[in-house]
Structures are given as structure tokens and as C-alpha cells.
Amino acid sequence: MDFISVTPSAACLIESLRDIGYSMETAVADIIDNSITAEATAIKINFSWNESSPWISVSDNGHGMSEEELINAMRLGSQHPSNERPEKDLGRFGLGLKTASFSQCRQLTVISKKNNKVSGYEWDLEWIKNNPDSKWEIRVISTDDITNSPFLNKVFTESLLLSDGTIVLWRELDRFDQSEKKLNSLVDQTRKHLELVFHRYLSPGAGKKGVEILLNNAPLEAFNPFYTSHSATQELPSQSIQLEGTVINVQPYVLPHYNKTTRENYEKYAGDDGYLQNQGFYLYRNNRLIIKGTWFRIIKKEELTKLIRVQIDIPNSLDHLWKIDVKKAHASPPEGIKKELRQIIDKIAFSGKNVYRQRGKKLQDKIKEPAWNRIQSKGKIQYVINRQHHLVTELENQLIPEQQDKLNALITMLEGSFPAELFYSDVASEPESLNKPDFDEELFSPVLDDIIQLMMNQGITLGEIPNRILSSDPFATYPDETKKLLKEKGYL
């Protein structure tokens, strides 16, 4: 058999790899993965506008790389994805360093120090583009090059002068609107992304040593999407799934209802996309978040399950079955696991929905004379005005038959025009923004007098009146203000 070489063009292939789908924040996260794999305890990320010549660096105090190891790290496809890897290895394809970097810059410089020996190499995409016959060649960065370059010397001195470790430097950034404002926006997005993706490294729990990550000298703060610090967060029983001799741990949580926490924290834990979109599974591989806010098309996202978030932990040995991509931003469970996850969802969905149902039931039990009644019949639900309410019946009794018909027509019109779709949209997007009208004492005081007189005419004792009032709409909605009025009138 005869064979010929069809080596791909470096210039063409590298340009294609730049569009693999990284964003700035996912690209930086991929570089941090390498630092964590190198057992770094401190990672520094620096963004600089640098007078319209922006650069980004990620440096760490990990174990560093020898010259041979660095050359291999700079090679595309430096390891086979099916190779067995150390348990804590966050890589897989041997592409992350290069593809993440190429997606954002045209000049990638890596300097590493191991056992006090410094090595450096550089990919220069512009040089490769202008020298298409150069094949797959990287530039050597010698110690003299570092010493003679004020910029490289400054970066090296600040990061590696006193310890082993690695610096990844991006220059010639060309993948964003070239403005300082846009760079600052990317910095903010990156901070939020990293605080979520690496929150279990930033705050590993009692007795465990975490990783310090600084962004422009400001420490990142772990953002735990499960809000475990709040007493109202429900931690449901954890479950395990066996797959190919390994254990997948599943830990469900139900976040607090918005009435159980502050408005600031409710909005914080909603995330940029809100509770409705951020419900679902959060897949972690070696404590690193891979994908969030998805039910893997097992169920639909709905209002009553929006407070449910489920932590799934898998080892890196199952990457191939979960179809984790190069960017570590996509995953899909194998069909057998989907069946197990569906059973888990069926068990936990009840708890999530109960957060809302129980609140509704408590409210229904508390208010003995509501202004609105909920009627369920033949699978349909209607909300109708309570025509037996004291205020309605009293008004009706004061009207002549023709006026009573007009009152009933008005009530029917109000019931039929209840803005259900608009109300649902508001509850789904910003329930904490829904508010009742302000209490108007001049309006409520004479109504309260009429209700009290009506109750007295019906033989209700003075001792019972306050409780009856406070369990009737609209006064039940304003308990503190109503108690104040009752006290002023001598009924409390």
C-alpha cells in the first residue's frame, strides 16, 4: 500500500481553530484549568488596556514545566483524549491552552519555571500567516529575550522571580470591539463566570485548602449557585448512580422563596438569566462547573420548578460518555443516565413545587373571607370575586334590582378580564417586584367602620371582631395597619 503525506496548512487550520466557539470568560477559565491541574494555590489574572494595545496574562505558582514539557504543551493535540489521566486533571484533549488562546489573541507566549530553570515559547499567528511554508513552528523565548524586553521582564519578575510556575500571556487581542469600555465589560463578565465555575475551589469547605484567584489584584469571591448559606434552602437527600464502576453523585437543592430572603440576595442568586432559566442540573467534573441550568431535555423548565437546582458530580474518566467538549461548556448524559435522572427529577420536583403550593395553602387557610376565590373544576382553574364577601353583599342589599344587575355585570366583567398572561409573566420574571397598593387610611377607615357595624348587627361579639377583620380581605393584606386602626377605634 502506498501513502502520501497530507499535512494540514498551519496558517489555514489555526485560523479555523480560532472559531471553535470560546468566549473571553470560557477561554480564561480553560487556562485556569491548567493552573489548577498544576496544583497551583495562587492564580493571578491581569487585564490591561495598555493604551490601545491590550494584553491579558494568567500566572500561577504551580509546579511549572520543563522545556520538554512546555514544548509538548504548546503542541496542538498534546495528549490523546482516551488516555487515562490523573484524577484531578481538568484537561482532556490537549487543545485547551492553544484553542482558548487562539480564540482571543494572535500572539500566545508561555513562560514556565521548574526547578529554577526558565523556558519560554511563543505562537505568533501573524508570522505564520505571512510565512505559510513555516509549517508548525513556535518561536523560542530565551532568558535573554525576557531580560531584554522591559515588558516580559516586568511580567516575569512579578510572577516567577521567587517561585516555580507558569505565565500564559495573550497579546494582539483582536476578538472584541477595541475599546477600553468593552475590555472593562469583559473583565466584569469574566469575574462573574470564574466566581461561579470555580466556586468549589475558591471556597472548598471546612478543613480543605482552597485556591486563591486574583483578577487585577482583586480576589474572586466564590458564588455558590445553591445558596447553601441560607437556612431556608432545602438540601434534599443525595442520590448515587453507578456507571462503568464509578459513582455519580446527585445532590438536589430547593432555593428559598423570595419572601424568605432579602431582595438583594434573591436577585443575586437568580443570576443574569433569572430563576426560570437557571433551574436544572449543574454538572461538575472534579469540582469544576461544566454546564449549568439545564434539564438535558428530560423535562421542560416551568415556573413551579424554577427554585430547583441539582448538583451532579462526575469523574474525568466519564468525559467521553458525557460528551464533554473542548471548551468544557457543553455536555450530554448517556441515555441510561437520563432514565436515572428522570426518576430523580420526579422525586424532587414535588419539593420544589411545594414551596409555592404550601405558601398558597397557608394564605388560603389564613384568610377566611377572601376577596377572590380559586375554583377548580374539570381540570380548569378560575379565579372569581367572592360575591358572599361582606362588602359585596352589603352594597348589593343597598341597591334596587336594576342596580344589582349592573353590579353583577361589573363583577363578571372584572372576572373575565383578569390579566392572567401578564400576571404570569410578571411572577415568572420578577415576583419580588409585584406589590400591593399603598394603605390609604382615609379610604380604609370608613370601610372598617361599616364592616364592624355589620358584624355587630350579625351578633358577632366585640372580642371576636378583631380576628374576623384580620382574616378578611382587604384587611388581611395589611395586618399591621389594620391593627393600628382597630386600636385607635378601641377594638384592640
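**Entry 1: burial, and Asn-316**

For burial I go by relative accessible area: buried is under 20%, exposed is over 50%, and partly exposed is in between (1.4 Å probe, protein chains only). I looked up Asn-316 to start, and with 6% relative accessibility this residue counts as buried. I found Asn-316 in the loop between strand 14 and helix 12 (319–322). Helices (H or I, at least four residues) and strands (E, at least two) are DSSP runs, numbered from the N terminus. I also checked a C-alpha distance: Asn-316 and Tyr-284 are 32 residues apart along the chain and 9.7 Å apart in space.

Notes to self on the model. It is a predicted one, so I take local features only at pLDDT of at least 70 and side-chain atom pairs only at pLDDT 80 or more, while totals for chains, interfaces and linings use all residues. Residue numbers run from 1 along each chain as its sequence is written, and side-chain values use heavy atoms, with hydrogens and water left out.

**Entry 2: Asn-130**

Next I went to helix 5 (residues 125–130), where Asn-130 lies. Asn-130 counts as exposed because its relative accessibility is 53%. Its C-alpha is 8.5 Å from that of Ala-11, with the two positions 119 residues apart in sequence.

**Entry 3: salt bridges**

How many salt bridges does a search of the whole structure find? I get 18. My cut-off for one is a side-chain nitrogen of Lys or Arg within 4 Å of a carboxyl oxygen of Asp or Glu.

I picked out Glu-122 with Arg-171, whose side chains meet at 3.1 Å, N to O. Glu-122 is in strand 4 (residues 117–124) and Arg-171 in strand 6 (residues 165–173), so this pair ties together parts 49 residues apart in sequence. Both of these residues are buried. I also see Glu-122 and Arg-171 in a salt-bridge network with Asp-124 and Arg-139.

Then I tried Asp-313, which bridges to Arg-200 with the closest N and O atoms 2.8 Å apart. Asp-313 sits in strand 14 (residues 308–314) and Arg-200 in helix 9 (residues 199–202), so the link joins parts that are 113 residues apart in sequence. I note both Asp-313 and Arg-200 as buried.

I also wrote down a bridge within one helix. Glu-335 pairs with Lys-338, closest N and O atoms 3.8 Å apart, and both lie in helix 13, three residues apart, about one turn of the helix. Glu-335 counts as exposed, given its 56% relative accessibility.

**Entry 4: buried acids without a bridge**

Which side chain of opposite charge is nearest to Glu-369? I find Arg-468, 6.9 Å away; Glu-369 is buried and has no salt bridge. Lys and Arg count as positive here and Asp and Glu as negative, with His and the chain ends not counted. Glu-369 belongs to the loop between helix 13 (335–366) and strand 15 (372–377). What its side chain does have is a polar contact (N or O atoms within 3.5 Å, one able to donate a hydrogen and the other to accept it; sequence neighbours count only if both atoms are side-chain atoms). The partner is the side chain of Ser-472, at 3.1 Å.

Asp-60, in strand 2 (residues 55–60), is also buried without a salt bridge, and I get 11 Å to Lys-44, its nearest side chain of opposite charge. The side chain of Asp-60 reaches the backbone nitrogen of Gly-62 at 2.8 Å.

**Entry 5: surface patches**

For patches I take residues with over 30% relative accessible area and no salt bridge, joining like charges within 9 Å and nonpolar side chains (Val, Leu, Ile, Met, Phe, Trp, Tyr) within 5 Å. I found a negative one on the surface made of Asp-438, Asp-440, Glu-441, Glu-442 and Glu-488. Its Asp-440 is in the loop between helix 16 (420–429) and helix 17 (441–457), and is partly exposed at 38%.

I also found a nonpolar surface patch of Trp-372, Ile-381, Tyr-383, Phe-418, Phe-423 and Leu-434, together about 550 Å² of accessible area. Phe-418 lies in the loop between helix 15 (401–416) and helix 16, and counts as partly exposed at 33% relative accessibility.

**Entry 6: backbone oddments**

I noted a cis peptide bond from Asp-473 to Pro-474, omega near 5°. Pro-474 lies in the loop between helix 18 (465–470) and helix 19 (479–488). I then looked up positive phi values: Asn-50, not a glycine, has about 50°, and Ser-52 is near 75°. Asn-50 is in the loop between strand 1 (42–48) and strand 2, and I place Ser-52 in the loop between strand 1 and strand 2. Asn-50 is partly exposed, at 38% relative accessibility.

How values were computed
Accessible areas come from the Shrake-Rupley method with a 1.4 Å probe; for residues, only the protein chains shown count as cover. The place of a charge is taken as NZ of Lys, CZ of Arg, CG of Asp or CD of Glu.
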